[in-house]
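Dear colleague,

I am handing over the structure below, and my notes on what was found in it follow directly after. Please read them with the coordinates open beside you.

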Amino acid sequence: MRLSDIEKLVSRAQILSIVDAMDRKLALWYGSVSAGKTVASLFAFLLAVAVAPKTGLIVIVGKSLQTVYQNVFVLFQNTAIFGPVLARQIVYTPGATSARILGREVMIVGANDAKAVGRIQGATIALAYVDEAALMPQDFWNMLVSRLRVPGARLLATMNPASRNH
């Protein structure tokens with residue numbers, strides 16, 4: 001996919017957000033519903049997977065495995081957005097707790113309550129993508145950030161804040 005092709009799919013603001021996120025340990029996309037933050041963040045995530053540290057886990061987190069499928073993998077399989085070549089590099093079975101993205105194993109985590117902390121406790125995480133971070137239990141979020149322990153570890157997340165003060 002050429003840059004001119006990408007420019008037809010995403011706005012200049014989305015491209016700038018992807019570029020800006022490349023050197024951030026924590027990158028958050030927030031804003032109104034249908035603002036394009038998920039598509040931009042997923043492009044950034046794919047770039048991050050390509051250069052992620054080889055040690056440590058790569059994880060995708062959402063409220064549930066179902067919401068991760070709906071909000072992340074359905075988009076990844078949309079060839080009008082990500083193209084057929086990238087779509088073939090993303091293998092996921094709905095409901096599974098792992099996927100393969102660009103040849104890397106990716107752990108899928110549902111974090112709908114405080115018990116979800118146990119799913120990542122003790123893990124060393126190289127890269128995390130969080131769908132709807134505002135919905136994560138605070139204890140889970142804190143544990144996730146503390147697990148970014150390898151040099152170059154990063155976390156990318158989207159959110160629709162419940163209010164301006166969230």
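Strands β4 and β5 form a hairpin with 2 residues between them, and in its turn Leu102 has a positive phi of about 50°. Please keep in mind throughout that this is a predicted model. The two strands of that hairpin, β4 and β5 (residues 104-110), run antiparallel and are joined by 4 bridges, with Ser98 standing opposite Met107 in β5.

Strand β4 also pairs with β3 (residues 90-91), to which 2 bridges join it, again in an antiparallel arrangement; here Val91 stands opposite Arg100 in β4. The hairpin of β3 and β4 has 6 residues between the strands, and in it Gly95 takes a positive phi near 90°. Along β4 itself (residues 98-101) the side chains alternate, in that Ala99 and Ile101 point to one face and are buried, whereas Ser98 and Arg100 point to the other face and are not buried.

Turning to the helices, α3 covers residues 37-51, and at 1.5 Å a residue its 15 residues should span 21 Å, which agrees with the 21 Å that separates its end C-alpha atoms. Because 11 of those 15 residues are buried, α3 is largely enclosed by the rest of the structure; among the buried ones are Lys37, Ser41, Phe45 and Val49.

How are two packed helices described? By the angle between their axes together with the distance between the axes. For α3 and α5 (residues 79-88) that angle is about 25°, and the axes lie 11 Å apart. Since angles under 35 degrees count as roughly parallel, α3 is therefore roughly parallel to α5. The crossing of α3 and α5 is left-handed, and the residues that meet there are Val39, Leu42, Phe43 and Leu46 in α3 and Ile81, Phe82 and Leu86 in α5. The four residues that α3 brings to this contact, Val39, Leu42, Phe43 and Leu46, are also listed as buried.

One loop residue may be worth a look as well. Met136 lies in the loop between β6 (125-130) and α7 (138-146), and because its relative accessibility is 8%, against a cut-off of under 20%, Met136 counts as buried. Leaving aside residues up to four places away in sequence, Met136 touches Val61, Gly62, Lys63, Ala111, Val130 and Asp131. Met136 and Gly110 are 26 residues apart in sequence, while their C-alpha atoms are 9.5 Å apart in space.

With kind regards

Note on methods: Residues numbered from 1 in each chain as written. Predicted model: local features only at pLDDT ≥ 70, side-chain atom pairs only at ≥ 80, totals over all residues. Heavy atoms only, no water. Expected span 1.5 Å × (residues − 1). Buried < 20%, exposed > 50% of the residue type's maximum accessible area, 1.4 Å probe, protein only. Pairing = 2+ DSSP bridges. Axes fitted to C-alpha atoms, helices over the stretch in contact; angles between N-to-C directions. Parallel < 35°, antiparallel > 145°, perpendicular 65-115°, else oblique. Left-handed = near helix turned anticlockwise from the far one by under 90°. Contact = heavy atoms within 4.5 Å.
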